[in-house]
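Here is a report on a multichain model. Keep the coordinates open while reading.

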Amino acid sequence: MTVFIIRRMLQALLVVFLMSVIVFFGVNIVGDPVYMLVSPDADQADIEAAIARLGLDRPIWEQYWLFLKGAAQGDLGNSFIFGEPALKLILHHMPATMELAFSALILAIVIGIPLGLYAGLYPDSRISKGIMAASIFGFSLPTFWVGLMLIMLFAVELRWVPATGRGDLGSFLGFQSSLFTLDGLSHLFLPALNLALLKISLAIRLTRAGVREAMGQDYVKYARAKGLSTRRIILVHVMKNIMIPVVTVMGLEFGSLIGFSVVTETIFAWPGMGKLLIDAILQLDRPVVVAYLMIIVLFFVLINLIVDILYSILDPRVRLQDQGA
Amino acid sequence: MSDVTSDTALAAAKSAKVETPFQRFRAEFFESKIATVALGVFLIIVLLAILAPWITPQNPYDLAQVSVMDGRLPPGSEAFDGYTMWLGSDGSGRDLYSAILYGLRISLTVGLASGVIALLIGMAIGLIAAYAGGRIEAFIMRIVDLQLSFPASLVALMMVAALGKGVDKIILALVIAQWAYYARTVRATALVERGKEYVEAAQCLGISRSRVVFRHILPNCMAPLIVVGTVQTASAISLEATLSFLGVGLPQTEPSIGVLIANGFEYMLSGRYWISVFPGVALLLTVVSINLVGDHLRDVLNPRLRK
Amino acid sequence: MRKLTAATAVAFGILAIGAGAASAEKLTVGLASEPTSLDPHFHNLGPNNAMSVHIFDRLIAQDEKQRLSPGLAVSWQPIDDLTWEFKLREGVKFHDGSDFTADDVVCTMARAPEVPNSPSGYGTYLKGKEVIKIDDYTVHFKTEAPYPLMGNDISTIPVISEAGCAATTEEFNAGTAAIGTGPFKFQSYTPGESIVLTRNDDYWGDAPIWSEVEFRPITSGPSRVASLLAGDVDMISGVPTTDIATLEGNSDIQLSQGVSNRVIYLHMDQFRENSPFVKANGGGDIVNPLLDVRVRKAISMAINRDAIVERVMEGVALPAGQLLPEGFFGVSDKLDVVAYDPDGAKALLAEAGYPDGFELTIHGPNDRYINDAKIAEAIAQMLTRVGIKTAVETMPRSVYFGRASTGSPDGLPEFSFILVGWGAGSGEASSPLKSLIHTFDKDAGFGSSNRGRHSDPETDALIEEALATVDDAKRQELLAQATERAIENVAIIPTHFQVNTWAAQTGLSYVARTDEYTLATGVVKE
């Protein structure tokens with residue numbers, strides 16, 4: 001087990017290192033941040049001074065070496081635009097994104113699974129067909145388009161919830177989050193729903209497929225023969241069997257929620273790290289782009305590792321070994 | 001010697017079966033009215049996109065034919081050059097009907113090209129993994145797993161940030177974001193097929209490994225690959241639209257459907273509904289029809305759901 | 001639903017009445033672009049400067065038309081050719097209660113150009129100036145040569161307290177060092193989310209009517225408008241041109257508009273015989289036609305500025321015939337907007353030896369100026385219609401400006417024909433003349449944004465003379481002459497001046513500013 005974890009950690013480090021090379025050189029080839037950063041009033045000498053201050057006058061491999069040296073000490077460089085450490089900026093914006101993605105995931109499960117269950121149990125009913133058609137639209141409509149529509153409907157026309165921004169923060173068990181205040185929740189509702197749409201569709205489809213498959217399985221037939229009520233068969237036996245894979249897949253989709261939050265955060269002016277990233281990309285704030293990627297890669301590698309370890313604990317048939325490696 | 005006979009025997013045995021599954025597949029596919037209609041809609045869209053230069057009044061990429069004086073005209077208005085703009089015009093004076101058909105060409109090219117290239121690359125890598133086994137397989141699958149755990153939208157965003165704009169770059173970014181889905185599919189199918197008796201039989205008969213992979217495993221992967229391919233193509237088209245919305249997608253001057261929608265986004269509150277709605281409908285029709293076809297293919301090709 | 005709205009409005013009305021004359025009122029503003037820092041010397045950028053006006057005063061203030069008026073200095077004048085004397089306002093207190101004196105000025109001027117990691121500092125305005133404290137309320141600024149623009153330069157520098165001079169940018173962002181003399185005090189700053197300021201009740205000038213102001217960055221245009229319509233915010237800046245017509249028809253919303261100091265113009269390659277993006281018809285090489293003033297003139301005549309304003313800008317812009325709109329210092333009253341004359345343009349092209357035109361690519365940004373990509377497209381359409389086959393390439397500003405400035409292999413401007421904008425931060429004509437028109441001269445710091453490398457010794461001489469003329473009337477005349485000569489030579493082709501739009505809930509109005517700043521002090525109740 002320890003050997004496995006150590007080996008996986010080394011692999012993770014290698015991946016992070018490779019990613020840092022690709023991204024660092026990638027973002028450093030595109031564009032020139034200096035002319036966006038300097039004031040138009042600046043003369044030629046000012047511009048050269050700015051280039052030197054940002055360290056952009058050094059050869060690229062030297063810049064990379066300096067970056068690596070800093071990274072080894074936990075310093076991923078200073079944002080060109082904000083002048084603060086990139087790592088600090090990202091960590092500061094992270095909770096907002098996490099609470100958004102988390103809420104979207106919950107919404108997807110709470111809305112998607114019951115609808116999927118229904119559609120799976122009564123595949124030929126009109127409602128089911130409606131649900132399935134809606135789910136197709138759910139992942140075909142562009143997120144940004146739906147986002148603005150939600151704002152127009154719920155915030156501008158109905159005035160039920162605010163259009164943009166993040167609400168007041170509340171504190172619970174030491175966590176600061178807008179999940180813990182009414183104002184916070186009212187701000188959170190639309191962006192979370194917007195982000196969840198895609199995943200609601202996914203949950204519906206997964207659940208429906210799972211239910212349809214399960215209903216044809218022997219254990220259901222056997223339970224029927226035994227005279228168990230339909231309700232019990234579905235809620236206890238079928239649900240037990242489909243919940244695990246559905247929830248697992250949905251959990252794995254958490255990453256994609258963080259990815260798509262870029263769009264949602266832009267529309268809803270949500271102060272998360274997705275917005276930070278897209279701004280950094282558009283303004284060529286290279287240290288922030290690189291740092292964001294480093295953090296995300298590390299994050300996913302760790303999640304992968306934890307999932308693998310959990311599997312081995314839950315399912316003794318899975319051995320903690322890389323096959324053949 | 002045995003090589004030849006056994007191979008032909010196997011092929012004969014398979015071909016006898018192949019006839020029926022294909023017919024059955026066709027029958028089952030067209031059993032669903034929705035899927036049939038969706039396939040029809042998709043084919044019409046493709047046809048319209050291909051024929052665009054011959055059936056549109058304006059080449060929206062030729063600036064001699066576009067006039068800013070025509071900007072933001074409502075549907076049915078007459079253009080500067082005399083023709084009627086049935087779907088109205090956008091902010092730059094492009095006839096939306098023409099722009100949408102030309103935009104479809106680009107969007108479909110991006111979606112299909114990235115889909116096909118990613119499919120080929122993913123398939124090759126998946127087959128190599130399945131063929132080589134052992135350490136190489138383990139190594140490849142680790143990379144695939146890692147890539148899959150990383151959201152495709154972020155990968156594409158990063159790639160575009162690093163590569164810059166342009167159709168070729170978007171395709172490359174989408175390929176990089178999507179190849180792993182195909183690799184995983186191929187490898188999963190290969191694993192199942194590898195355990196089947198006919199492969200064992202073939203191996204016993206001394207048929208080379210590569211032959212087994214290419215002649216027997218690969219054809220069996222095609223069904224799931226097609227399903228994954230349709231879904232991924234649809235999502236590639238949507239992803240391109242999203243990237244364009246974020247300002248890192250395709251150039252403004254030769255707009256894809258995604259760029260048209262992203263431009264229309266500005267007009268959503270302005271009362272000029274046509275600028276965002278018509279391209280939106282075009283994208284929706286395209287993506288929904290591909291998804292419906294893919295969806296139904298999945299049902300038809302999934303043996304566990306077979307009646 | 002409308003009932004609900006009405007009920008809310010009534011409720012707010014009662015609240016407002018309840019609050020009464022104590023004016024404990026909060027203003028929420030949705031900003032189109034977010035300041036990058038609260039350190040007033042960190043980044044010389046419009047949104048940052050606008051934000052810092054609230055917390056930090058300048059020695060000299062700029063009013064809504066960028067005219068200079070007394071700020072922390074009550075007077076400023078040259079006492080000899082090389083010295084300007086500033087008399088400081090007495091009795092002004094910083095937010096922490098300390099007194100404002102000459103020491104604060106001296107340390108401010110020392111810190112402003114020297115902030116670590118600053119991507120773009122204020123050194124530009126302080127170069128060659130030495131600050132000397134004479135007594136607690138008098139300072140002298142010494143220069144090496146006569147310098148008329150002292151007031152304009154000094155009006156850009158926010159004054160911080162001596163205690164803040166040693167502070168880091170992070171301390172300013174955290175609020176501990178954000179201590180000025182301005183009308184508002186720092187309350188909280190959450191990047192990407194909000195900046196909250198409270199009224200400085202001891203302000204030396206007119207006390208603001210708002211007891212608390214919250215600025216919220218909402219960068220997506222439609223979302224910003226939706227937030228206003230939903231009542232989340234009281235006012236927004238940067239109303240997209242596409243939404244102006246609809247908002248005008250909305251009785252809940254009131255618009256404020258004003259012309260800005262930003263001119264949108266075209267630079268043409270005037271320094272290369274073989275310009276990379278100019279080709280003969282069919283794509284062959286050609287001697288750069290843009291070197292010929294007749295061709296440049298023809299291009300200017302081929303552009304239908306009214307169409308750009310009406311169709312692309314939806315009427316929210318002014319056609320431009322020179323570098324700054326009328327009313328600014330140094331503007332010529334002899335220049336008219338070049339009339340649209342496609343036939344004349346064709347004739348002039350033929351006279352210059354290009355009866356069948358040539359091929360050209362226009363490059364422009366697509367996320368910098370209002371409708372920039374569409375303007376580039378419109379210009380390309382117009383040129384194509386007079387025979388100059390024009391292709392368009394637009395790109396994000398992150399890529400564009402670098403390439404436009406130094407993108408060619410030898411570090412020269414890469415493009416042949418570009419769309420750019422220029423905002424005159426100083427509020428007078430020497431700013432664009434010096435940077436855009438004067439011959440590129442690295443050592444003297446002239447022509448730093450002259451990306452077409454236009455060069456005319458006579459214009460240069462006029463500009464340099466103006467920059468050394470302290471007498472206002474004379475300088476005004478010289479600047480106007482330089483502008484006339486530059487336009488005559490078609491050094492650049494101005495197309496239009498941007499007009500900025502703010503929108504507020506009915507009952508509030510904003511005093512539109514030429515410098516595009518969004519200031520809480522400019523929001524008035526009716």
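The report covers overall chain figures, a chain contact, a helix pair and a sheet.

**Chains A and B**

The model is predicted. Two of its chains are summarised in the table.

| Chain | Residues | Buried share | C-alpha extent along principal axes | Citation |
|---|---|---|---|---|
| Chain A | 325 residues | 46% buried | about 85 × 60 × 40 Å | helices and strands: 13 and two |
| Chain B | 307 residues | 51% buried | roughly 75 × 45 × 35 Å | helices and strands: ten and two |

Chain B opens with two helices, then has two strands, and continues in helices: its order from the N terminus is α-α-β-β-α-α-α-α-α-α-α-α. Sequence separation of contacts was computed for both chains. In chain A, take the contacts between residues at least 6 apart in sequence: 68% of them join residues at least 24 apart. In chain B, 67% of the contacts with a separation of 6 or more come from residues 24 or more positions apart.

**Where chain B touches chain A**

The contact between these chains involves 34 residues of chain B and 38 residues of chain A. Which helices of chain B supply at least two residues each to the side that touches chain A? They are α4 (134-149), α5 (152-163), α8 (209-245), α9 (257-265) and α10 (273-301) of chain B. The most comes from α4(B), which gives seven residues. By class, this side of chain B has 21 nonpolar, nine polar and four charged residues.

**A helix pair in chain A**

Two packed helices are described by the angle between their axes and the distance between the axes. The pair here is helix α5 (residues 86-121) and helix α12 (residues 273-282), both of chain A. Their packing angle is about 130 degrees. Their axes lie 7 Å apart. An angle between 115 and 145 degrees counts as oblique, and that makes α5(A) oblique to α12(A).

Which residues meet in this pair? From α5(A) come A:Leu89, A:Ile90, A:His93, A:Met94 and A:Thr97. From α12(A) come A:Met273, A:Gly274 and A:Leu276. By class, the contact of α5(A) with α12(A) has five nonpolar and three polar residues, with no charged residues.

**A sheet in chain C**

Chain C holds an open sheet of four strands. The order is β4-β5-β7-β6, and the pairing is antiparallel. Why is one side of β4 (73-80) and of β6 in chain C left without a neighbour in the sheet? Both stand at the edges, and each has a single partner strand, so one side of each has no neighbour. From one strand to the next, the twist averages 25 degrees.

Start with the β4 edge. Six bridges join β4(C) to strand β5 (residues 83-88) of chain C, and the two run antiparallel. C:Asp80 stands opposite C:Thr83 in β5(C).

Now take the β6 edge. Strand β6 (residues 129-135) and strand β7 (residues 138-143) of chain C are joined by six bridges and run antiparallel. C:Ile132 stands opposite C:His140 in β7(C). β6(C) and β7(C) form a hairpin, with two residues between them.

A helix also lies on these strands. Helix α3 (residues 102-111) of chain C lies across β5, β6 and β7 of chain C. Helix α3(C) runs at about 165 degrees to β6(C).

Conventions:
Residues numbered from 1 in each chain as written. Chains lettered and ligands numbered in written order. Predicted model: local features only at pLDDT ≥ 70, side-chain atom pairs only at ≥ 80, totals over all residues. Axes fitted to C-alpha atoms, helices over the stretch in contact; angles between N-to-C directions. Parallel < 35°, antiparallel > 145°, perpendicular 65-115°, else oblique. Contact = placed C-beta atoms within 7 Å. Nonpolar A, V, L, I, M, F, W, Y, C, P; charged D, E, K, R; others polar. Pairing = 2+ DSSP bridges. Buried ≥ 20, exposed ≤ 12 C-beta atoms within 10 Å, placed from the backbone.
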